[in-house]
Amino acid sequence: MTESPQRNRPDSPGSASGGDDGRQSQFSKRGGGAPATRGRTTIADGVVEKIAGMAARDVVGVHAMGSGISRTFGAVRDRVPGGQKSVSRGVKAEVGESQAAVDLEIVVDYGVAINEVAGDVRENVIAAVERMTGLEVVEVNIAVSDVKLPDEDDDEDESESRVQ
């Protein structure tokens with residue numbers, strides 16, 4: 001019986017028994033499936049909000065995110081030492097097991113076609129969220145809360161100090 005040592009050897013890539021199939025069956029015999037299917041991954045709403053916020057800001061014609069009040073509070077928060085700029089300002093996400101929905105509030109620059117900017121934002125957000133999370137984005141609702149006029153000062157600009 002010269003075949004018994006052959007039975008205990010793993011399949012070589014060029015063998016007639018299937019090569020890679022031997023490795024896949026090895027995983028299923030040991031742990032009950034491929035390693036990628038063992039366990040569960042959950043994604044927090046805040047993660048999707050940050051991804052969507054960054055993707056929306058990348059679109060030409062988007063001046064800022066959030067309503068006037070949230071931008072004002074955000075500007076104050078950004079000036080606190082050690083504070084970080086909030087990339088999720090103006091973004092609300094709802095995440096399920098396999099789907100996500102995103103609501104955005106944006107300020108657009110004067111002179112841009114709002115419907116085109118909204119379409120570009122929607123496409124960019126959907127692509128970024130789906131690529132990075134694997135979730136299906138079922139809707140992206142966009143509310144345009146303001147238009148930034150060329151001669152207006154930003155709410156976030158630091159005003160001149162009265163004292164030096």
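The axis of a helix is here a line fitted to its C-alpha atoms over the stretch in contact, and the angle between two such lines runs from 0 to 180 degrees between N-to-C directions. With that in hand, let us walk through this structure, which is a predicted model.

A good place to start is the overall layout. The protein chain holds five helices and four strands, and reading along the sequence gives the order α-α-α-β-α-β-β-α-β. Of the 164 residues in the protein chain, 25% are buried. Contacts that reach far along the sequence are plentiful in the count: among contacts in the protein chain with a separation of 6 or more, 72% join residues 24 or more positions apart.

Before going further, it helps to know how confident the predictor is. The average pLDDT of the protein chain is 78, and 63% of the residues score at least 70. Among the elements, the lowest mean pLDDT, 44, belongs to helix α1 (residues 4–7), while helix α5 (residues 114–133) has the highest, 98. Residues 2–19 have a pLDDT below 50, and in the model this stretch makes five contacts beyond near neighbours in sequence. Please read that part of the picture with the pLDDT in mind.

Now to the pair of helices that the opening definition was for. Helix α3 (residues 45–57) and α5 have axes that come within 8 Å and cross at roughly 140°. How should that angle be named? Roughly antiparallel would need an angle over 145 degrees and roughly perpendicular one of 65 to 115, so α3 and α5 are oblique to each other. The crossing of α3 and α5 is right-handed.

Which residues meet there? From α3 come V48, I51, A52, A55 and A56, and from α5 come V121, N124, V125, A128, V129, M132 and T133. Sorted by type, the residues of this contact are 10 nonpolar and two polar, with no charged ones.

Staying with helix α3, look at M54, which is found in this helix. M54 has a relative accessible area of 43%; because this falls between the 20% limit for buried and the 50% limit for exposed, M54 is partly exposed. Its C-alpha atom is 9.6 Å from that of N124, although 70 residues separate M54 and N124 along the chain.

Just past α3, D58 sits in the loop between α3 and β1 (62–65). Is D58 buried or exposed? Its relative accessibility is 58%, so D58 counts as exposed. D58 and V121 are 63 residues apart along the chain, and their C-alpha atoms are separated by 8.3 Å.

The next stop is strand β1, where H63 lies. With a relative accessible area of 31%, H63 is partly exposed. Between the C-alpha atoms of H63 and K148 there are 6.9 Å, and along the chain the two residues are 85 apart.

Finally, turn to the loop between α4 (68–79) and β2 (91–95), which contains S88. Which residues does S88 touch once its neighbours within four places in sequence are left aside? They are E49 and K50. For S88 and K50, 38 residues apart along the chain, the separation between C-alpha atoms is 4.9 Å.

How values were computed:
Residues numbered from 1 in each chain as written. Predicted model: local features only at pLDDT ≥ 70, side-chain atom pairs only at ≥ 80, totals over all residues. Heavy atoms only, no water. pLDDT = per-residue confidence, 0-100. Helix = DSSP H or I, 4+ residues; strand = E, 2+ residues; numbered from the N terminus. Contact = heavy atoms within 4.5 Å. Parallel < 35°, antiparallel > 145°, perpendicular 65-115°, else oblique. Left-handed = near helix turned anticlockwise from the far one by under 90°. Nonpolar A, V, L, I, M, F, W, Y, C, P; charged D, E, K, R; others polar. Buried < 20%, exposed > 50% of the residue type's maximum accessible area, 1.4 Å probe, protein only.
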